[in-house]
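Hi,

Here is the structure I promised to pass on to you. Have a look at it first, then read my notes below.

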Amino acid sequence: MDPGLLAQYVMNGLMVGMTYALVAVGFTLFFGVLDIIQFSHGDVLTVGAFAALLTFVGLRSAGGGAGAILLLAMIIVAIFAMAALGMLIARYLVLPLRTAPALNTLLITLMLGTVLRESVRLFYPQGANPKPFPALLPSNSLSLGNFNLRLDNVIMLTAGALVIAGVEFLLNRTKLGLAIRAVAQDEETARTMGINFVAIVLIAFAIGSGLAAFAGIMNGLYYNEINFGMGLYLGIIGFAAAIIGGLGSIYGAILGGFLFAALQTIGTVALPFASAYKDVFAFAVVIIFMAWRPTGLIQEKISERV
Amino acid sequence: MIRALKPATIILAAIACGMVAPAAAKEKVKVGFIGPLTGGVSANGLGGRNSVDLAVRLRNADPKSKYEYELVVLDDECKPNIAVQVATKMAAERDIIAAATHYCSSTAIATVDVYHKFGLPVVVWGAVLPDITYRNKYPEVHRVNGTMINQNETNAELVTKLGYRSFAVIYDTTDYGKGHKEYFSAALAKTPGKIVGTFGVGADQQDFTAELTQIKALNPDVIYFGGLTPIGVRIRAQMDKLGIKAVFDGTSGIVSDAYIQGLGPLAEGTLAFREGAPVEKLPGGKFFMEKYTAQKYDNPPEAYGAFAYAAMDLILDSIEKVGPDRRKVIDELANVKNRDSIIGKITFDDHGQNTVSVITKYVVQDGKWVVWEDSEYASGKRKLPQHK
């Protein structure tokens, strides 16, 4: 294959994989602290992207400012708003159901996802139509044969990698991270050690949901288009990525995200059938993976003792 | 004696009357109309109903017409099950000679068997699905408006005339997208154009970079897209991200304001095609609008009103010529060739499909869908990408 073309596929795969990885890290965090699946996570991403767009529209009609400042404002507003939404979900929907069967949490978050999605569709002006997302990053590009290297893609990849590295640092090198890991490992022991369980859960949800908002903005900047249904699909893929990686492991989630993007690219490029089947192929491979390694590629270090 | 006299007097009286007021002696003939008068697309149904009513009124006002026509109107609600009921009701009423029927493809395709079974000649005035005329070969079923097939023929003709030769085809894998892919490929086969790659995609797919990277390597002049607005917006936006300079050539599925709002300036230069035409672009559009406005209907004729008018006018012409007899009207409609109407010439092929269909070409210019012939692209003032 032409090297320029190959480089383009790798770049496309990396961009998509970064989004999947950011979503998957959220799933894995929630599962880590509470052993639950937060199925409205993908729709939190949608709301985050729309919050950023709303900030942009608001600031621009108020006079605006330079692109970089606008973008920074959008990122800050969206991340903090979604962190708050994540904490509200944890406090009022997930934590009260701690003692109920896990199925209830699953159902309630699934329903919340529909509520969020439909609310965007109904309450955002003409929310059923795809919305243009402003291109705020420099769009310089370098053409190397068939490879179109865009500066904005490089910036986004770097920013995504930095965010993930930041989360990793927070979890493994800070006291807060230690507390989160302690809660993930054993809730009761963590409590007896004086860790405020509720606060840690809320913080974990804030971090995960903030990551979703960041992924939503990245998605918007990458495609220059957002729509009310984008989170559903990204949520399912992020969840699948977290599962192949091994729920509860942050490295597993990242690996799973990029692996899924690679599978989709291979499904489109290398296989003889119509590219519409790329998701069929990718999810079929996920099923085979799960049969082969039910606990994921990287297992949670401590398995639960009953 | 009195008994014997009576019929004679009546005949005499009738003759006398006939001499004084010929209009009163006209035989009454019933014709039908079916369309969606309630529900989401009722605006189109009401516009069609009014237009058909206009055709009947104008004919009744014409002193040369042999019959006095009465219009029977039924509502199919754009629902196939309701449509079959009302179609059966209309077809079973033997004194309804012919009818202009259906705006929705789903109702039109559901009822063709009914018309065939009861032998009621119909002229479809708005539904675009090719199968309505082409799935069977029912002599009863005709259609004045064009189909997806005509749309793609016009499309292939225009783009090859502009000098484009290589095409990549992207279609969504629904019946709508698949149909467009098939008819476009067939239409392009008759031109010097060549398809270099075909890609089926999901109807709610988000990322098209993998498909588009492959297309980039194939370097086509044109990317043809058979599908609807949401993914059309995404594909067009991602083409730009990958630096693909090809012309984006769509179908009726993207002719919407949402497409332009979703893309902003990137929408510029996108081509698309749609069955029918704005009334003012039709040959008899001016005449039709004048007469329509004079009747002071509550609703505008909408996009297919003129087609409904033409369908009913054709039916009335046939009845005038061969008399109020379903069988004879069917035979007469089979011979419609090069007939003048307000929508242009009408010629039915052996499936009853009008082959001289009206298809409007559109191009996005300055954030609006502009009829191709009126655009600065057609006049040469602006150029589409890679225009040779």
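For 306 residues, a compact globule would have a radius of gyration near 19 Å, and chain A comes out at 19 Å, so the two agree. Keep in mind that this is a predicted model. The C-alpha trace of chain A spans about 60 × 50 × 35 Å along its principal axes, and 48% of the chain's 306 residues count as buried.

As for what chain A is built from, you can find eleven helices and four strands in it. Take the contacts in chain A with a separation of 6 or more: 75% of them are between residues 24 or more positions apart.

Now the domains. The assignment splits chain A into domain 1 (43–228) and domain 2 (230–301), with their C-alpha centres 21 Å apart. Where they touch, domain 1 of chain A puts in twelve residues and domain 2 of chain A eight. On the domain 1 side, α2 (41–61) and α5 (151–173) of chain A are the elements giving two or more residues, and α5(A) gives the most, with four. By class, that side has six nonpolar, three polar and three charged residues.

Then there's chain B. How many residues does each chain bring to the contact? It's 30 from chain A and 28 from chain B. On the chain A side, the elements that each supply at least two residues include α1 (3–34), α9 (230–245) and α10 (250–269). The biggest giver there is α1(A), with five residues. That side of chain A divides into eleven nonpolar, 14 polar and five charged residues.

Cheers

Definitions and conventions:
Residues numbered from 1 in each chain as written. Chains lettered and ligands numbered in written order. Predicted model: local features only at pLDDT ≥ 70, side-chain atom pairs only at ≥ 80, totals over all residues. Contact = placed C-beta atoms within 7 Å. Nonpolar A, V, L, I, M, F, W, Y, C, P; charged D, E, K, R; others polar. Rg over C-alpha atoms; globule rule 2.2 N^0.38 Å. Buried ≥ 20, exposed ≤ 12 C-beta atoms within 10 Å, placed from the backbone. Domains from an automatic or database assignment.
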